[in-house]
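Student: Could you help me learn to read a structure like this one? I would like to go feature by feature.

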Amino acid sequence: MDLETSVMELLVQAGSARSALLAGLQQARGGDFNAAEASLAEARAAIGRAHGMQTALIGIDQGAGKIPLSLIVVHAQDHLMNAMLIQDLATDMIELYRRSTSGANHD
């Protein structure tokens with residue numbers, strides 16, 4: 001796979017993860033925790049694929065500047081990092097929605 005295709009695929013996977021995570025938050029807000037968990041699983045898989053691609057690109061670059069820095073590379077990295085951050089927050093927020101719906105006091 002060439003560099004441009006790899007970067008675009010990383011961008012697509014990160015964007016898919018972000019979309020799934022935001023859908024999961026909406027589902028949890030509506031009380032559909034099974035759907036929210038499925039969305040989280042979908043997002044984890046997409047982030048895993050994107051992270052694998054990122055790792056491969058880092059391996060190719062080897063910190064030596066072998067991969068030319070372009071706006072699309074920065075954009076793809078930005079999308080992945082945002083998706084990973086949203087994943088952390090969405091996981092906690094979905095749990096908070098679950099707790100507030102059940103009225104249970106959990107630690």
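Tutor: We will go through a helix, the core, the salt bridges and an annotated site. Keep in mind that this is a predicted model.

Student: Let's begin with helix H1. What should its 27 residues span?

Tutor: The general idea is a rise of 1.5 Å a residue, counted over one less than the number of residues. For H1, residues 3–29, that gives an expected 39 Å, and the end C-alpha atoms are 39 Å apart, so the two agree. After H1 comes Gly31, whose phi is positive, near 90°.

Student: Which residues of H1 are buried?

Tutor: To call a residue buried, we ask for under 20% relative accessible area. In H1 that picks out Ser6, Val7, Leu10, Leu11, Gln13, Ala14, Ala17, Ala20, Leu21, Gly24, Leu25 and Ala28.

Student: And what covers the buried residues of H1?

Tutor: The cover includes helix H2, residues 33–61, and helix H3, residues 71–102.

Student: How many residues does the largest nonpolar core have?

Tutor: A nonpolar core is traced by joining buried nonpolar residues through their side-chain atoms. Here the largest one has 25 residues. Those with the most contacts inside this core are Leu10, Ala17, Leu21, Ile47, Leu80, Ala90 and Ile94. H1, H2 and H3 are the elements that give two or more residues to this core.

Student: Let me pick one of those. Leaving aside neighbours within four places in sequence, what is Ile47 in contact with?

Tutor: With that restriction, Ile47 is in contact with Ala17, Leu21, Leu80, Ala83, Met84 and Gln87. Of these partners, Ala17 and Leu21 are also among the buried residues of H1.

Student: Now the charged side chains. How many salt bridges are there?

Tutor: The test is a side-chain nitrogen of Lys or Arg within 4 Å of a carboxyl oxygen of Asp or Glu. By this rule there are three. In one of them, Glu37 pairs with Arg98, with the closest N and O atoms 2.5 Å apart. This pair links distant parts of the chain, since Glu37 is in helix H2 and Arg98 in helix H3, 61 residues apart.

Student: What does Glu95 pair with?

Tutor: Glu95 forms a salt bridge with Arg98 at 3.3 Å, and another with Arg99 at 3.1 Å. Glu95 and Arg98 both lie in H3, three residues apart, while Glu95 and Arg99 are four residues apart in H3. Either spacing is about one turn of the helix. Together, Glu37, Glu95, Arg98 and Arg99 are linked in a network of salt bridges.

Student: Are the residues of that network buried, exposed or partly exposed?

Tutor: Partly exposed means a value between the 20% and 50% cut-offs. Glu37 counts as partly exposed because its relative accessibility is 32%. Likewise, Glu95 at 28% is partly exposed, as are Arg98 at 27% and Arg99 at 23%.

Student: Finally, where does UniProt place the "binding site" feature?

Tutor: The unreviewed UniProt entry puts it at Asp78. Such annotations may be inferred rather than shown by experiment. In the model, Asp78 lies in helix H3 and is partly exposed, with a relative accessible area of 41%.

Conventions: Residues numbered from 1 in each chain as written. Predicted model: local features only at pLDDT ≥ 70, side-chain atom pairs only at ≥ 80, totals over all residues. Heavy atoms only, no water. Buried < 20%, exposed > 50% of the residue type's maximum accessible area, 1.4 Å probe, protein only. Contact = heavy atoms within 4.5 Å. Core = buried A, V, L, I, M, F, W, Y, C linked by side-chain atoms within 4.5 Å.
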